[in-house]
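Take a walk through this structure, one region at a time. Keep the sequence and the 3D view side by side as you read.

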Amino acid sequence: IDFDKFGKQFLSSSYDKTIVLWDVETGQAKASYSNRSMPYESKFYPLDNNLLIVACQNHKLVSWDIRTGTIVQEYNYHLGAVNTVTFVDEGRRFVSSSDDKKLLVWEWNMPVPITYLSEAEQQSMPSITLHPSGDYFAAQSMDNRILVFETGEKTRPHRKKVFRGHVNTGFACQIDFSPNGRFMVSGDGEGKAYFWDWKNCKMYRSFKAHTGGPCIGATWHPIEHSRVATCGWDGLIKYWD
């Protein structure tokens with residue numbers, strides 16, 4: 001789910017291979033879009049909310065104009081399903097991750113990536129979250145690590161920041177940051193929630209949040225900084241202090 005900057009409408013992506021634009025006030029669907037491929041993540045373009053971009057199973061990122069319902073650009077350089085799309089540098093660029101284990105950095109409306117991030121030992125990273133400072137993003141790597149990358153003119157790995165301790169292999173567990181950027185939270189494949197100190201990468205605490213499967217989602221409350229919501233494959237959403 002992704003809200004526009006005014007909070008009046010939001011996007012959802014579904015297994016029925018559609019992206020739906022919803023009106024927040026009425027709860028009605030305003031429009032739907034599809035290129036007959038499974039959409040894994042959809043985002044509004046931060047600099048113009050009349051445009052959206054979708055990470056798709058068919059190896060592409062596809063951009064639509066919501067006013068006309070037409071595809072305005074396709075980004076086709078990945079060799080596997082595209083899992084995420086994350087805007088960086090105040091919306092001027094975006095990062096995509098894929099089952100091909102690569103991260104690509106793009107300029108908006110330019111169908112050729114400007115940066116390839118790929119190393120021999122690199123794993124797929126199906127969940128990415130931008131740090132509140134905007135200077136970094138964290139990526140959930142499928143080798144039980146969370147990796148950090150610097151944004152800016154040259155996107156590159158921050159090799160001194162690596163977070164360990166959880167078991168995430170095979171699960172796209174959500175990452176989130178406290179609003180002040182001091183702490184990071186992630187679920188894991190064993191149903192636990194983990195908290196790390198952003199500055200020194202040390203684990204702050206962990207606890208069993210869900211049973212019968214992974215803790216797949218964890219997100220900080222934007223106002224009450226001591227509270228976190230989690231969800232799991234047990235069908236529950238829990239709110240923690």
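Two strands count as paired if DSSP finds at least two bridges between them. With that in mind, look at strands E18 and E19 in this predicted model. In E19, phenylalanine 195 is the bridge partner of valine 185. Five bridges join E18 to E19, and the two strands run antiparallel. They form a hairpin, with four residues between them. Glycine 191 sits in that turn and has a positive phi of about 90°.

Now step to the other side of E18. E17 and E18 pair over three bridges, again in the antiparallel sense. Phenylalanine 177 has methionine 184 of E18 as its bridge partner. These two strands also form a hairpin, with five residues between them. Glycine 181 is in the turn, and its phi is positive, at about 80°.

Next comes E20. Strand E19 covers residues 192-197, and five bridges join it to E20 in antiparallel fashion. Here alanine 193 has phenylalanine 207 of E20 as its bridge partner.

Put the pairs together. The result is an open sheet of four strands, in the order E17-E18-E19-E20, with antiparallel pairing. Strand E17 (175-177) and strand E20 (203-208) stand at the edges. Each has a single partner strand, so one side of each is left without a neighbour in the sheet. From one strand to the next, the twist averages 15°.

How well covered is strand E18? Five of its five residues, 183-187, are buried. In a regular strand, side chains alternate between the two faces of the sheet. Both faces of E18 are covered. Phe183, Val185 and Gly187 are buried on one side. Met184 and Ser186 are buried on the other.

Leave this sheet and turn to strand E14, residues 136-141, where serine 141 is found. Is serine 141 buried or exposed? Its relative accessible area is 1%, so serine 141 is buried. The contacts of serine 141 reach beyond its neighbours in sequence: it touches Gln123, Ser124, Met125, Leu147 and Asn168.

A little further along is the loop between E14 and strand E15 (145-150), which holds asparagine 144. Most residues other than glycine have a negative phi. Asparagine 144 has a positive one, near 65°. Asparagine 144 is partly exposed, with a relative accessible area of 26%. Aspartate 143 is also partly exposed, at 26% relative accessibility. The side chain of aspartate 143 meets that of arginine 145 in a salt bridge, at 3.0 Å from N to O.

Another positive phi turns up at aspartate 89, about 50°, although this residue is not a glycine. Aspartate 89 lies in the loop between strand E9 (82-88) and strand E10 (93-98). What is its accessibility? The value is 9%, so aspartate 89 counts as buried.

Salt bridges come next. The count comes to 12. One of them joins arginine 93 and glutamate 153, at 3.2 Å from N to O. Arginine 93 lies in strand E10, and glutamate 153 lies in the loop between E15 and strand E16 (156-164). The pair therefore ties together parts that are 60 residues apart in sequence. Its two ends sit in unlike settings. Arginine 93 is buried, with a relative accessible area of 8%, whereas glutamate 153 is exposed, at 68%.

A further salt bridge links the side chains of arginine 156 and glutamate 150, at 3.5 Å from N to O. Here both ends are partly exposed: arginine 156 has a relative accessible area of 42%, and glutamate 150 has one of 23%. Some salt bridges share partners, and they join Asp89, Arg93, Glu107 and Glu153 into one network. Aspartate 89, the buried loop residue with a positive phi, thus reappears here.

End at the start of the chain. Isoleucine 1 lies in the segment before strand E1 (2-3). Isoleucine 1 is exposed, with a relative accessible area of 78%. Which residues join it in a nonpolar surface patch? Phe3 and Val24 do, and the patch made by Ile1, Phe3 and Val24 covers about 330 Å².

Terms used:
Residues are numbered from 1 along each chain as its sequence is written. This is a predicted model: local features need pLDDT of at least 70, side-chain atom pairs count only at pLDDT 80 or more; totals for chains, interfaces and linings use all residues. Side-chain values use heavy atoms; hydrogens and water are left out. Patches are made of residues with over 30% relative accessible area and no salt bridge: like charges are joined within 9 Å, nonpolar side chains (Val, Leu, Ile, Met, Phe, Trp, Tyr) within 5 Å. Accessible areas come from the Shrake-Rupley method with a 1.4 Å probe; for residues, only the protein chains shown count as cover. A salt bridge is a side-chain nitrogen of Lys or Arg within 4 Å of a carboxyl oxygen of Asp or Glu. Buried means under 20% relative accessible area, exposed over 50%, partly exposed in between (1.4 Å probe, protein chains only). Contact means heavy atoms within 4.5 Å. Axes are lines fitted to C-alpha atoms, for helices over the stretch in contact, and angles run from 0 to 180 degrees between N-to-C directions. Lists of a residue's contacts leave out its neighbours within four places in sequence.
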